[in-house]
Amino acid sequence: MSEQTDVRVEDWNRLQREVARLRLLVIIALLAVIALAAVSLLRKPDTSTRPDTILRARGLVITDAQGHDRILLGAPVPASKDRTRKDDASDGIIFLGKTGADRLALGQLPTLHIDGKTYKRRGDDDNYGMTLYDTKGSERGGMAYMGTGRVGLALDRATPPYEAIGLMIDDMENFAGMYINYGDPKAKDSAIELGTDANSVHLQLKGKDGLPRAKLNVDGTNRPAWQFDDRESAAKAAQDQKH
């Protein structure tokens, strides 16, 4: 026969109050933990005591909204199925047009590319700068420091003889100057040449035969000298210089 324990009403009410109080404490503790976690996630990390993050990669390809390769970056630039030109792997950044043709190159200069053909530059592997291309990928100008010790800026025509205007500084010859070429591929030399070295300056206007028609020279004594020649006298002067 089991014994039945009587529970007073006062004891029962006190027990319920204790349970309610414990339940409230548990809820408060849970809310505090959630608040601390939220603050930790939202707080910006303190990078003052940590080194900067460095991203290392051999190459990077950026695509447009249609998924076509448009910017190639690497050492060398990554190969691309969308790039029209397949013969170049220079170190730098290549910007592609919508058709896949090269439009701008920064870094190591790609080999000279005109009308789908490639031509060797002087100091190919050590030329760095910027190259501009037309919509078909033919070179139309640029600025570069050449491995031969020459820094220059050039703008090209779309048709032969291509090279139109150039600015140049040559370390080996201590020369600084500019030239403007004829648009006729049969011309044998530039149309206008202006240049200086350590002690003199000269300006020449040449015929398509490459012979000077008008010259202004200032030598080391600062004496200006004008000279005008027709075709025959210019040819004779050139012949005399050879002898």
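## A walk through a strand-rich chain

Leaving aside neighbours within four places in sequence, Val77 touches Leu72, Arg83, Ala89, Ser90, Gly92, Ile93 and Ile94. That makes a handy place to begin, and one caution belongs here: the model you are looking at is predicted. Two of those contact partners, Leu72 and Ile94, join Val77 in the largest nonpolar core, which also takes in Leu96, Ala105 and Tyr133 for 6 residues in all. Just before Val77 in the sequence there is a feature worth checking in your viewer: the peptide bond joining Ala75 and Pro76 is cis, with omega at about 5 degrees. Pro76 itself sits in the loop that links strand 2 (69-74) with strand 3.

Now step back to see the whole chain. The protein chain holds 2 helices and 15 strands. Of its 243 residues, 27% are buried. Among contacts with a separation of 6 or more, 18% are made by residues 24 or more positions apart. The chain exposes about 17,600 Å², and carbon and sulfur atoms supply 60% of that area.

Some of the surface is nonpolar. Leu60, Ile62 and Leu73 form a patch there, with about 240 Å² of accessible area together. Ile62 belongs to strand 1 (residues 59-63). Why can Ile62 count towards a surface patch? Patch members need over 30% relative accessible area, and Ile62 is partly exposed at 38%. For a charged residue on the outside, turn to Lys98, in the loop between strand 3 (92-96) and strand 4 (102-108). Lys98 is exposed, its relative accessible area being 80%. Its C-alpha atom lies 9.2 Å from that of Asp82, a residue 16 positions away along the chain.

Further along, the backbone offers a few more details to look up. A second cis peptide bond joins Pro160 and Pro161, with omega at about 10 degrees. Pro161 is in the loop between strand 9 (150-156) and strand 10 (163-170), and Tyr162 is found in that loop too. Although Tyr162 is not a glycine, its phi is positive, at about 70 degrees. The residue is partly exposed, with a relative accessible area of 22%. Asn174 is another non-glycine residue with a positive phi, here about 55 degrees. You will find Asn174 in the loop between strand 10 and strand 11 (175-181), where the residue is partly exposed at 47%.

Our last stop is strand 13 (residues 201-206), which has a partner on either hand. Strand 12 (residues 190-196) runs antiparallel to strand 13 and is joined to it by 5 bridges, with Gly195 standing opposite His202. A hairpin of 4 residues connects these two strands. Strand 14 (residues 212-218) also pairs with strand 13 in the antiparallel sense, over 6 bridges, and Lys215 is the bridge partner of Gln204. That hairpin has 5 residues between its strands, and Gly210 in the turn has a positive phi of about 85 degrees.

Which side chains of strand 13 are buried, and which are not? In a regular strand, side chains alternate between the two faces of the sheet. Strand 13 shows this alternation: His202, Gln204 and Lys206 point to one face and are buried, whereas Val201, Leu203 and Leu205 point to the other and are not.

Technical notes. Residues are numbered from 1 along each chain as its sequence is written. Side-chain values use heavy atoms; hydrogens and water are left out. Patches are made of residues with over 30% relative accessible area and no salt bridge: like charges are joined within 9 Å, nonpolar side chains (Val, Leu, Ile, Met, Phe, Trp, Tyr) within 5 Å. Accessible areas come from the Shrake-Rupley method with a 1.4 Å probe; for residues, only the protein chains shown count as cover. A salt bridge is a side-chain nitrogen of Lys or Arg within 4 Å of a carboxyl oxygen of Asp or Glu. Buried means under 20% relative accessible area, exposed over 50%, partly exposed in between (1.4 Å probe, protein chains only). Contact means heavy atoms within 4.5 Å. A nonpolar core is a set of buried Ala, Val, Leu, Ile, Met, Phe, Trp, Tyr and Cys residues joined through side-chain atoms within 4.5 Å. Two strands pair if DSSP finds at least two bridges between them.
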